[in-house]
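User: Hi! I'd like to understand the reasoning behind some of the labels used for this model. Could you take me through it?

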Amino acid sequence: MTTPGAKRGLLLLNLGTPDAPESGAVRRYLREFLSDPRVVDIHPVGRWMLLNFIILPVRPAKSAEAYRKVWMPQGSPLLVYSRELEAAVRARLGGEYEVALGMRYGTPSIPDAVASLRARGVMDFTVLPLYPQEATSSSASSLARVYEVMTEGWDVPNVRAVPAFHSHPSFLDAFTSVARPVIAQTRSDHVLFSFHGVPERHVRKTDTSGQHCFASAGCCDSLTEANRHCYRAQCFSTARGLAERLGLKAEGWSVSFQSRLGRTPWVKPYTDLVLPELAKRGVKRLAVMCPSFVADCLETLEEVGLRAREQFVEAGGEALTLVPSLNAHPEWVDAVVRMVRESDGAPTAAASP
Ligand SMILES: C=CC1=C(C)c2cc3[nH]c(cc4nc(cc5[nH]c(cc1n2)c(C)c5CCC(=O)O)C(CCC(=O)O)=C4C)c(C)c3C=C
Ligand SMILES: [Fe+2]
Ligand SMILES: [Fe+2]
């Protein structure tokens, strides 16, 4: 519930991106990102050595080259699309909330976004982490930073977080509206839902019972009280919701996890191993949806749109089509407004035009 009379602010959060597709800017971004103990959860000395001796000497140049392939005239796709969403949500809310975008790493930073809302008189904050499924390395890290910034002074504002929306009907409907025409136009014979991966260790840490995650082969096949914070189970729930809305048969879709880093086990199955298997099984025209991202970014446009496509065709497939992300699609803008109003206890009927 909101505080009577307090000016309301909506803070949209996303992960962040480098300021330029160059080694120096990517190095600064990776240093901030991978120094986060919620991302690389090992002893601080080990993290420092890993970062400075293994990752930073080589990765910035390699990643900068990848960023250059997808960089837009206006900037990094993640920032460009997040800004478009911010503007569209602001317009749709019509002055009811002050709106700002904060990135967990890089710019615009969370402290700057909070300061800009506070300068506009906001003392009542609704925070929406733009990650459909909750992970310690994404939503928890972003929220922790917000709480840290909000509690720095003596006049601590009201802060409410919109819950993860992995199974929210408005999110699933919006993604379905984006995907349906693409799948039809490309006559795709299979849909792969490729989610960003996380280390298995992170998932285990969210299993408060200590007995559910990875204890059986089907531990993520449904969401229950025991695994409601399991990132992998939330991804499967999103995939089921989308497959059902798209009218896909059981053999017409699969789930995989991309973007792994390092040698420890990440949640499986891995996208780069699933792609050749699908080609071997006779899938010819593959559509790939990336529903852990609400904005197109390096991981969708380069990793899937360019690299995965090449890999699939080399393995014998005919075509791989990346389904665009939600970006600033009008149904997604409606969904954001609806979720914000729901979390603030306001009626949602006004969310649709
Ligand atoms: C969807 C939510 C995300 C989770 C969960 C996540 C976990 C996670 N990521 C890394 C390492 C990297 N991720 C990188 C890029 C990146 N990651 C997300 C989102 C999640 N990451 C986004 C939206 C992006 C794209 C940013 C962009 O600028 O477009 C990168 C940087 C690029 C690269 O060098 O490959 C790294 C590194 C880890 C280790 C992790 C969980 C522990
Ligand atoms: Fe990532
Ligand atoms: Fe699980």
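User: What makes Val-26, Tyr-29 and Phe-33 of H1 count as buried?

Analyst: Happy to explain! This is a predicted model, and a residue is called buried if 20 or more other C-beta atoms lie within 10 Å of its own. In H1, Val-26, Tyr-29 and Phe-33 are buried, so each of them meets that cut-off. What covers the buried residues of H1 includes H3.

User: How do you know whether the buried residues of H1 line one face of the helix?

Analyst: Looking down the axis of H1, its buried residues fall within an arc of 65 degrees, so they line one face. An α-helix has 3.6 residues a turn, so residues three or four places apart point the same way.

User: Why does the span of helix H1 agree with what it should be?

Analyst: Helix H1 covers residues 23-34, and at 1.5 Å a residue its 12 residues should span 16 Å. The end C-alpha atoms are 16 Å apart, so the two values agree.

User: What makes up the shell around ligand 1, by class and by domain?

Analyst: The shell has 12 nonpolar, eight polar and two charged residues. At least three residues come from each of domain 1 (7-164 + 329-351) and domain 2 (169-322). Thr-17, Ser-63, Ser-137, Cys-297 and Leu-298 come nearest to ligand 1.

User: How many residues of domain 1 and domain 2 are in contact?

Analyst: 28 residues of domain 1 are in contact with 25 residues of domain 2. H12 gives the most to the domain 1 side, with six residues.

Technical notes. Residues are numbered from 1 along each chain as its sequence is written. Chains are lettered from A and ligands numbered from 1 in the order in which they are written. This is a predicted model: local features need pLDDT of at least 70, side-chain atom pairs count only at pLDDT 80 or more; totals for chains, interfaces and linings use all residues. A residue is near a molecule or strand if its C-beta atom, placed from the backbone, lies within 6 Å of it. Ala, Val, Leu, Ile, Met, Phe, Trp, Tyr, Cys and Pro count as nonpolar, Asp, Glu, Lys and Arg as charged, and the others, Gly among them, as polar. Domain bounds come from an automatic or database domain assignment. Helices (H or I, at least four residues) and strands (E, at least two) are DSSP runs, numbered from the N terminus. The expected span of a helix is 1.5 Å times one less than its number of residues. A residue is buried if 20 or more other C-beta atoms lie within 10 Å of its own, exposed if 12 or fewer, and partly exposed in between; C-beta atoms are placed from the backbone. The arc is that of the directions from the helix axis to the C-beta atoms. Two residues are in contact if their C-beta atoms, placed from the backbone, lie within 7 Å.
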